[in-house]
Amino acid sequence: MARLEDKPFNEYVTIKAARGQRQNISSAREAADWLLYKWPAEEDTDKAWRARKACLEALQGKVETAAARQAFRDAAEEAGILIGDAFRPAPKPMKRKR
């Protein structure tokens, strides 16, 4: 079985979540989770299917993360849940314990 390594997005994709809350989707794994388990059933379109495929393939290293992000963004826009893009701060360097 292929190893699924999470791939962070360079920018968040902000979507409308349950009860009108905002959710920042930050990686291919998080996008795949949304597409597989939280996606609005009435919006399960070809774009959503292609986004699922792209995100899962990004986790396998078969597709660039940027392509998976764009596919997820396009599907969210079509579904009417896209709010927009959000800046993703650079990760803080971890301090070494001595």
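**Figure 1. The surface of the whole chain.** In this predicted model, the protein chain has an accessible surface of about 7000 Å². Carbon and sulfur atoms account for 48% of that surface. Of the 98 residues in the chain, 36% are buried. Here is a handy number on how the chain folds back on itself: among contacts between residues at least 6 apart in sequence, 56% join residues at least 24 apart.

**Figure 2. The elements in order along the chain.** The protein chain has three helices and three strands. If you trace the chain from the N terminus, you meet them in the order β-β-α-α-α-β.

**Figure 3. The three-stranded sheet.** Which strand sits in the middle of the sheet? The order is β2-β1-β3, so to speak with β1 in the centre, and the sheet is open with antiparallel pairing. Strands β2 (22–27) and β3 (82–86) are the edges, and each of them pairs on one side only. On average, neighbouring strands of this sheet are turned by 25 degrees against each other, with direction ignored. As a reminder, strands of a sheet pair through backbone hydrogen bonds, either parallel or antiparallel.

**Figure 4. The hairpin of β1 and β2.** Let us zoom in on one side of the sheet. Strands β1 and β2 run antiparallel and are joined by five bridges. One of the residues to look for is Pro8, whose bridge partner in β2 is Ser27. The two strands form a hairpin, with five residues between them. In the turn you will find Arg19, which has a positive phi of about 55 degrees.

**Figure 5. The pairing of β1 with β3.** Now for the other partner of β1. Strand β1 (residues 8–16) pairs with β3 in the antiparallel sense over four bridges. Thr14 has Gly84 of β3 as its bridge partner, and Ile15 stands opposite Leu82 in β3.

**Figure 6. Helices lying across the sheet.** Helix α1 (residues 28–38) lies across β1 and β2, and α1 runs at about 125 degrees to β2. Helix α3 (residues 65–79) lies across β1, β2 and β3. The direction of α3 is at about 10 degrees to β1.

**Figure 7. The buried side of α1.** Which residues of α1 are buried? They are Ala28, Ala31, Ala32, Trp34 and Leu35. These residues lie on the same side of α1, because they cover an arc of only 160 degrees around the axis. Their cover includes strands β1 and β2 as well as helices α2 (46–59) and α3.

**Figure 8. The packing of α1 against α2.** The axes of α1 and α2 are 9 Å apart, and the two helices pack at an angle of about 145 degrees. Helix α1 passes α2 in a left-handed crossing. On the α1 side, the contact is made by Ala28, Arg29, Ala31, Ala32, Leu35 and Leu36. On the α2 side, Ala48, Ala51, Arg52, Cys55, Leu56, Ala58 and Leu59 take part.

**Figure 9. Arg73 and the residues it touches.** Is Arg73, a residue of helix α3, buried or exposed? Arg73 counts as buried because its relative accessibility is 18%, and the cut-off for buried is under 20%. Leaving aside residues up to four places away in sequence, Arg73 touches Val13, Leu82 and Asp85. Leu82 also appears in Figure 5, where this β3 residue stands opposite Ile15.

Note on methods. Residues numbered from 1 in each chain as written. Predicted model: local features only at pLDDT ≥ 70, side-chain atom pairs only at ≥ 80, totals over all residues. Heavy atoms only, no water. Pairing = 2+ DSSP bridges. Axes fitted to C-alpha atoms, helices over the stretch in contact; angles between N-to-C directions. Contact = heavy atoms within 4.5 Å. Buried < 20%, exposed > 50% of the residue type's maximum accessible area, 1.4 Å probe, protein only. Arc of directions from axis to C-beta. Areas by Shrake-Rupley, 256 points an atom, 1.4 Å probe, with all protein chains shown as cover. Left-handed = near helix turned anticlockwise from the far one by under 90°.
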